[in-house]
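Here are a few exercises on the spaces inside a protein and what fills them. Keep the viewer open and try each task before reading its solution.

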Amino acid sequence: MPHTNYRFSFGPWNISEGADPFGPDVRPAFPHEEKYALFRTLGFEGVQFHDDDVVPGIDGLSASQISAKAGEVKTILENQGLTAEFVAPRLWFAPQTVDGGYTSNSASDREYAWDRTQKSIDIANTLGSKAIVLWLAREGTYMREAKDAKLAYQRILETINRVLEYDKDIEIWIEPKPNEPTDQAYVPTIGHTLALSYASTDHTRVKGLIESAHAILAGLDPSDEMAFALAHDKLASVHLNDQNGLKYDQDKNFGAANLRAAFNQVRVLEESGYGSRGEFIGLDVKAVRTQGGSPVTAHLTNSREIFLHLVEKSRTYDMALVAQYREARDYEALEAYTIRHLLGL
Ligand code: XUL
Ligand code: MN
């Protein structure tokens, strides 16, 4: 099989000021426009966007103002040799999204969510991106009785169909996550995602984006989640990172908590030729609050480098030996070989 030349992406939010729920910014803000100039030198050619990363203050602007601003960003991307990977409506920040967007109990708030979704599609078209990403942040509950869950799932499916109808080319990539900020999110896994895809009016345009940490938070193995989507040819993108057990969403560097699990994600992607049709290796990693300086980017280059080292580990993994061990059902030897290989012994 020919070797894939991977291309990488991240979002402007991955260069951040370091605030968390318990403390304010610890680093000076670094303007988005200046971030775009860093991408290529850091080894990245794709930019992941939220709608308001492209068009700040989107809610107060007219359609023509939004289009003009998106056009400006498109020019910057062209000048920097960058591609917009996707645009995601930020449905968790506005007063209208306190209780969710598509699943809110308020009809006017649901209409707001649709309006932001339409704007995101329009922005994606201006940027030349073929997809919107739905991370369904607040589509869930803190108290299970607060929403009619069956109706909520129907509303999510209706919205998917409405997007497919509104734009005949756009793809929807759902990024499942089981919790945070809600106690329990709807669409917590890739299985839920693909069920919605097949139930939609055009399943070929409804795919998944798997974030390593989100799978771990659901108690699942990210490489198996990826394999499930790949088996259905529905892995549109990934957010590689890491997560140290069941706690807040950490967005640690790829491989930093569990190197073997990271190896298996890379191996599964490699084995299926992921990336050969232009799919990005997306990162969603956060610099730790203790890291000084501005802009802080080492977490991005380090995660990218770890990925590439693991690609090498995957390419030198002796598949003939693995086949022998599988045949003999000697998984003890298989595991010992795998660990020795990772240790470089
Ligand atoms: C949240 C998360 C988001 C999405 C994009 O956990 O991962 O940053 O990737 O909206
Ligand atoms: Mn993510």
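**Exercise 1.** Find which residues are around ligand 1 in this predicted model, and sort them by class.

*Solution.* Start by selecting residues with a heavy atom within 4 Å of the ligand. This gives Trp13, His50, Trp92, Trp135, Glu175, Lys177, Glu211, His214, His239, Asp249 and Asp284. Next, sort this shell by class: three residues are nonpolar, three polar and five charged.

**Exercise 2.** Work out how far polar side-chain atoms of Glu211, His214 and Asp249 lie from oxygen atoms of ligand 1, then find how much of the ligand the protein buries.

*Solution.* Take the residues in turn. For Glu211, a polar side-chain atom is 2.9 Å from a ligand oxygen. For His214, the distance to an oxygen atom of the ligand is 3.0 Å. Asp249 also has a polar side-chain atom at 3.0 Å from a ligand oxygen. Now turn to the surface: ligand 1 taken alone exposes 300 Å², and the protein buries 92% of that.

**Exercise 3.** Describe the space that ligand 1 takes, with its volume and its lining.

*Solution.* First, identify the space: ligand 1 takes the largest pocket. That pocket holds about 1,700 Å³. Its lining counts 48 residues, and the closest to the centre are Trp13, Ala19, Asp249, Asp251 and Lys286. Then split the lining by class, which gives 19 nonpolar, twelve polar and 17 charged residues. Finally, look at the elements: helix 1 (32-36), strand 3 (83-88) and helix 11 (298-315) each supply at least two lining residues. Helix 11 gives the most, with three.

**Exercise 4.** How many cavities of 30 Å³ or more does a search of the whole structure find, and what lines the largest cavity?

*Solution.* The search finds three. The largest cavity has about 50 Å³ of space. Its lining consists of Pro176, Pro188, Thr189, Ile190, Ile210, Glu211, His214, Ala215, Ala218, Leu220 and Glu225. Strand 8 (206-211) and helix 8 (212-217) are the elements that give two or more residues to this lining. By class, there are seven nonpolar, two polar and two charged residues. Now compare lists: Glu211 and His214 line this cavity and are also around ligand 1.

**Exercise 5.** Repeat the analysis for the second largest cavity.

*Solution.* Its volume is about 40 Å³. Pro89, Leu91, Tyr102, Leu134, Trp135, Leu136, Ala137, Arg138 and Glu139 form the lining. Sorting them gives seven nonpolar, no polar and two charged residues. Trp135 is on this list and is also around ligand 1.

Conventions. Residues numbered from 1 in each chain as written. Chains lettered and ligands numbered in written order. Predicted model: local features only at pLDDT ≥ 70, side-chain atom pairs only at ≥ 80, totals over all residues. Heavy atoms only, no water. Polar contact = N/O pair within 3.5 Å; in protein donor to acceptor, adjacent residues only side chain to side chain. Areas by Shrake-Rupley, 256 points an atom, 1.4 Å probe, with all protein chains shown as cover. 1 Å grid on protein atoms, 1.4 Å probe; cavity = no way out; pocket = protein on both sides within 12 Å on 5 of 7 lines; lining within 4 Å. Sits in = over half its atoms within 2 Å of the grid points. Nonpolar A, V, L, I, M, F, W, Y, C, P; charged D, E, K, R; others polar. Points joined across faces, edges and corners; volume = space filled by probe spheres on them. Helix = DSSP H or I, 4+ residues; strand = E, 2+ residues; numbered from the N terminus.
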